[in-house]
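Thank you all for coming; I would like to walk you through one structure this morning, starting with the empty space inside and then moving out to the fold and to a few single residues. Please have the model open while I talk.

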Amino acid sequence: MRNRTENQIDLALIRHGMTASNSEKRYLGRTNEPLSEEGRRLLLLRKEQGCYPAASFLFSGPMTRCLQTGRLLYPEKTPLLIPEWTEMDFGEFEGKNYRELSGDARYQAWIDSGGLLPFPGGESREAFLLRCRKGLERLLRMLEKKGPGEMAGNMAAAIVHGGTIMALLSGLCGGDYFDYQAANGHGYICRLSVEPEGGGTVKAAEIRGRI
């Protein structure tokens, strides 16, 4: 929802459905893996149960698993792509799970750092947080162009990655990065207070519910 008097936007952040790598708890970043059949089934089940809010605008990360999720949940909407919301680059940990990485000194160092060290050959959390925030600024600028009449009373939904949700909400709402973990097909409904004509500047944010 975009209310010009209060300068607020309601945004549903929804993690994409499950993939084969997700079910095996593998690091899945830049690999463009599709949804699994089980992932599709669970999304449609939750949709039938009324878990997802109606949305007037649909945004999405550019990867296949996000786009497929958007088509299942909001088939009538054409997603507006946010390229900055590609998942984190896990570098040499990509495609592996904790069992396979057990005993790797680099993995232990990453664990000991609380996840703050850059992934070997990949991305740092600091760089990822900045990239995700730039994606949010892009989304807000796109909504700003819609105008007050078109946005009033409407919800925007965004199909993104688990890391994207953690990056955005820890930056906007405070707390630890891992406080905002969301299972596949789950997420949060947020209310953002933005600067009028501010080019994507958020003054305050609050979580209004869980999906």
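Let me begin with the terms: on a 1 Å grid over the protein atoms alone, a cavity is a set of points where a 1.4 Å probe fits but cannot get out, whereas a pocket is an open set with protein on both sides within 12 Å along at least five of seven lines, and lining residues are those with an atom within 4 Å of a point. Grid points are joined across faces, edges and corners, and a volume is the space filled by probe spheres set on the points.

Before the numbers, a word on the source: this is a predicted model, in which local features need pLDDT of at least 70 and side-chain atom pairs count only at pLDDT 80 or more, while totals for chains, interfaces and linings use all residues. Residues are numbered from 1 along each chain as its sequence is written, and side-chain values use heavy atoms, with hydrogens and water left out.

Across the whole structure, the search finds 3 cavities of 30 Å³ or more, and the second largest of them holds about 40 Å³ of space. Its lining is made up of L58, S60, C66, L67, G70, R71, Y74, K77 and P79. Two elements, β3 (57-60) and α3 (64-73), give two or more residues each to that lining, where helices (H or I, at least four residues) and strands (E, at least two) are DSSP runs numbered from the N terminus. The largest share, 4 residues, comes from α3. By class the lining of this second largest cavity has 5 nonpolar, 2 polar and 2 charged residues; here Ala, Val, Leu, Ile, Met, Phe, Trp, Tyr, Cys and Pro count as nonpolar, Asp, Glu, Lys and Arg as charged, and the others, Gly among them, as polar.

Staying with α3, how many of its residues are buried? The helix is mostly covered, with 7 of its 10 residues buried, and buried means under 20% relative accessible area, exposed over 50%, and partly exposed in between, using a 1.4 Å probe and protein chains only. Those buried positions are R65, C66, Q68, T69, G70, L72 and L73, and they pack against β2 (8-15), α2, β3 and β5.

Now to the largest pocket, which encloses about 850 Å³ of space. Of the 31 residues that line this pocket, the closest to its centre are R15, R26, Y27, M166 and Q181. The helices α1 (20-23), α5 (105-112), α6 (125-144) and α8 (162-173) each supply at least two residues of the lining, which by class has 16 nonpolar, 9 polar and 6 charged residues.

Stepping back to the fold, the protein chain has 8 helices and 7 strands, and buried residues make up 50% of its 211 residues. Along its principal axes, the C-alpha trace spans about 55 × 35 × 25 Å. If we define contact as heavy atoms within 4.5 Å, then residues 24 or more positions apart account for 69% of the contacts with a separation of 6 or more.

Finally, four loop residues. H161 lies in the loop between β5 (155-160) and α8 and is buried, with a relative accessible area of 0%; leaving out residues up to four places away in sequence, H161 touches R15, H16, M63, R65, C66, W85, T86 and E87.

K25, in the loop between α1 and α2 (37-48), has a phi near 55°, a positive value in a residue other than glycine, and counts as exposed because its relative accessibility is 62%. N97, in the loop between β4 (80-81) and α4 (98-101), counts as buried at 6% relative accessibility, and beyond residues up to four places away in sequence N97 touches E24, K25 and R26.

Which residue lies 6.8 Å from E195, C-alpha to C-alpha, although the two are 188 residues apart in sequence? That residue is N7. E195 itself sits in the loop between β6 (187-194) and β7 (202-210) and is partly exposed, at 34% relative accessibility; leaving aside neighbours within four places in sequence, E195 is in contact with T201 and K203.
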